[in-house]
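Hello,

Here is the structure I promised to send over. My notes on what turned up follow right below it, so you can read with the model open beside you.

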Amino acid sequence: MHHRAPTPSRRTLLTVTAAAAAAAVTGVTVPVAHADAPRHGDRALRDLLSRMSLAEKVGQLFVMRVYGHSATAPDQADIDANLKEIGVRTAAELVERYHVGGIIYFAWAHNTRDPHQIAELSNGIQRAALAQDTPVPLLLSTDQEHGIVARVGAPATLLPGAMALGAGGSHEDARAAGRIAGAELAALGIRQDYAPVADVNVNPGNPVIGVRSFGADPEAVAGMVAAQVKGYQRAGIAATSKHFPGHGDTAVDSHNGLPVITHTAEQWAAVDAPPFQAAIRAGIESIMTAHIVVPALDPSGDPATLSRPILTGILRERLGFDGVVVTDSLSMEGVRTKYGDDRVPVLALKAGADQLLNPPNLDVAWNAVLKAVEGGELTEARLDESILRILRMKARVGLFDDPYVTSAGVDRTVGTRAHLARADRIAERTTTLLVNEEGFLPLSRRTHPKVLVVGADPASPSGTTGPPTRVLAAAFTELGHTAQALSTGTAPTPALIEQAVAAAAGQDVVVVGTYNLTPTTAQLTLLARLTATGVPVVTIALRNPYDVARITGQRATVATYSWTDVELRAAVRVIAGRAKPRGRLPVPVQSAEDPTRVLYPIGYGLSYR
């Protein structure tokens, strides 16, 4: 069953419109309450649909990016970017001209500077939406997976990502993380989250999924996906599992190319399908498509996003999903390699998609769909089918009851002490101890007071955390150690390596943050030089746990699955013995020399005695 909010009546829609008009005139957000409004199921939504023009219907299908922190008064640089890419100045103009059904928020588009700004941006967009001839609130969305993909940063709560939660193995923690994340997004006006990832990461070399996945075991991933879906949707937002039919076994990033998945139909059913089936059973509101070719499911060579056999034949008919199908971004190369930008949105709709996400050129895509209906390639009834699904989802997340959010709601919900404390507790249960030679850990501040932290400092996923070396050093200092940080980067130079070796002199332990080790990376040279000093070395795999297969000579290794502050602080508490290591590998780690040999199987993880 879907998590349902009461559907709105025509009276509700008219009241929302009146409130929007008042807000547009006064500039004040007007909350709308309709506790006594009559409810008529789909009747109000069908009535609303019947009053839309064809242009308005086409617009409802699109979810678009837009630059700026404000719906009406963005910075000049964002106005210029909007004019160049979209032909409008502001988010409000985007809604007015194209009647888009949704907007996706990005940090790089300056949509997510701080919680109160995000809330006011959301309210401004909704004012513009409800000032249209046919008022329809927008579904505002983002990719807030947590871990290495987070568009909304601190002071909002940042939680462990999928593979970390997979290492923790707790469905309750996964549900709680979803509830916290969903509640905070809802308070910001974001009612659709493109999470959780349902891909099963069976390829250690996967360049685009990796730690965004819960793991490599289909049934374990399925359980975590279902738990997260329930958590998100109990918080009142629409969750979106991705990337159907499964992006977990690829060596190509679909942002840059078109991956081909060589699984047989039987392998797909056993490996890739279970998490999506679990999401559907859990009542998932929407599922995102993948720009991947799966010849066993559709031999045409079309990416799944444009494949009717996959989206309609398998997802709709075989798996029984009747929620909203949203494409992955149509700006990605994976969906643009075979067809032009004018054909892609039309083919996606013909395949069975409902929401068309972030086309590279909205004017081209929007007019292509309009012309396809006018020319008979698409029927208006086909558009109505998708729009009704979208409207139902908007109703279920409460947008027709009250699309606005309040400053008080932000303060009451976002980044609260309780949420931050729960995130810390969840993170502690995910940290995985992989190596602990002769019980070197836990580290005592009495026997090992002086700590040098070196290593990679990858950019913060949200732009609001890190850098990791400083966060780790500060966490050790808070626990009574004397710690200093030296950033050596993902490709340390000979000069930086010499500096690190010199800094290690007189230290009791060196903690090294590693990041996606390859056979030729200079990070391995740094590690070899540091272990040669005789000072004990502890490594932290900041992203992929597979790093441990390439390291020798260290006294201990822990995996954090991401480098956000919450996971790094938890790792330090584990290293220093303030918390016990409880994480277990959700993926196998194979030998770097012989991939057929598993060094650390799924479920591996050490504990303290």
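Of the 609 residues of the protein chain, 62% are buried (under 20% relative accessible area; over 50% is exposed and in between is partly exposed, with a 1.4 Å probe and protein chains only). Before you go further, please note that this is a predicted model, in which local features need pLDDT of at least 70 and side-chain atom pairs count only at pLDDT 80 or more, while totals for chains, interfaces and linings use all residues. Residues are numbered from 1 along each chain as its sequence is written, and side-chain values use heavy atoms, with hydrogens and water left out.

**The chain as a whole**

A compact globule with 609 residues would have a radius of gyration near 25 Å, and the protein chain agrees with this at 25 Å (taken over C-alpha atoms; the rule is 2.2 Å times the number of residues to the power 0.38). Along its principal axes, the C-alpha trace spans about 75 × 55 × 45 Å. Among contacts (heavy atoms within 4.5 Å) with a separation of 6 or more, 76% are between residues 24 or more positions apart.

The chain exposes about 21300 Å², and carbon and sulfur atoms supply 52% of that area (Shrake-Rupley method, 1.4 Å probe; for residues, only the protein chains shown count as cover). There are 57 positive and 58 negative charges, and their mean positions are 6 Å apart. Here Lys and Arg count as positive and Asp and Glu as negative, with His and the chain ends not counted; each charge is placed at NZ of Lys, CZ of Arg, CG of Asp or CD of Glu.

The secondary structure comes to 20 helices and 18 strands (DSSP runs numbered from the N terminus: H or I of at least four residues for helices, E of at least two for strands).

**An open sheet**

Eight strands form an open sheet with parallel pairing, in the order S9-S8-S7-S6-S3-S2-S1-S10. Its edge strands are S9 (324–326) and S10 (356–357), each of which pairs on one side only (pairing takes at least two DSSP bridges between two strands). S10 is joined to S1 (residues 62–64) in the parallel sense over 2 bridges, and Val63 has Leu357 as its bridge partner there.

Just past that edge strand, Asn358 lies in the loop between S10 and helix H13 (362–374). Its phi is near 50 degrees, a positive value in a residue other than glycine. Asn358 is buried, at 5% relative accessible area.

**Strand S14 and its neighbours**

How many of the 6 residues of S14 (residues 509–514) are buried? The count is 6 of 6, so this strand is largely enclosed by the rest of the structure. Val509, Val511 and Gly513 are buried on one side, and Val510, Val512 and Thr514 on the other.

S14 runs parallel to S12 (residues 450–455), with 5 bridges between them; Leu452 is partnered with Val510. S14 also runs parallel to S15 (residues 537–541), again over 5 bridges, and there Val511 is partnered with Val538.

Helix H17 (residues 468–478) belongs in this picture too. Its buried residues include Val471, Leu472, Ala475 and Phe476, and their cover includes S12, S13 (482–487), S14, S15 and helix H20 (565–575). H17 is followed by Gly480, whose phi is positive, near 100 degrees.

**Some loop residues to look at**

- Trp563 sits in the loop between S16 (556–559) and H20. It counts as buried at 5% relative accessibility. Leaving aside residues up to four places away in sequence, it touches ten residues' worth of surroundings that include Ile148, Pro458, Pro468, Tyr515 and Leu568.- Trp563 and Gly553 are 10 residues apart in sequence and 23 Å apart in space, C-alpha to C-alpha.
- Pro467 lies in the loop between S12 and H17, and the peptide bond leading to it from Gly466 is cis, with omega near -5 degrees.
- Pro245 is found in the loop between S7 (238–244) and helix H10 (265–281). The bond from Phe244 to Pro245 is cis as well, with omega near 10 degrees.
- Asn516 lies in the loop between S14 and helix H19 (522–532). It has a positive phi of about 50 degrees although it is not a glycine, and at 26% relative accessibility it counts as partly exposed.

Best wishes
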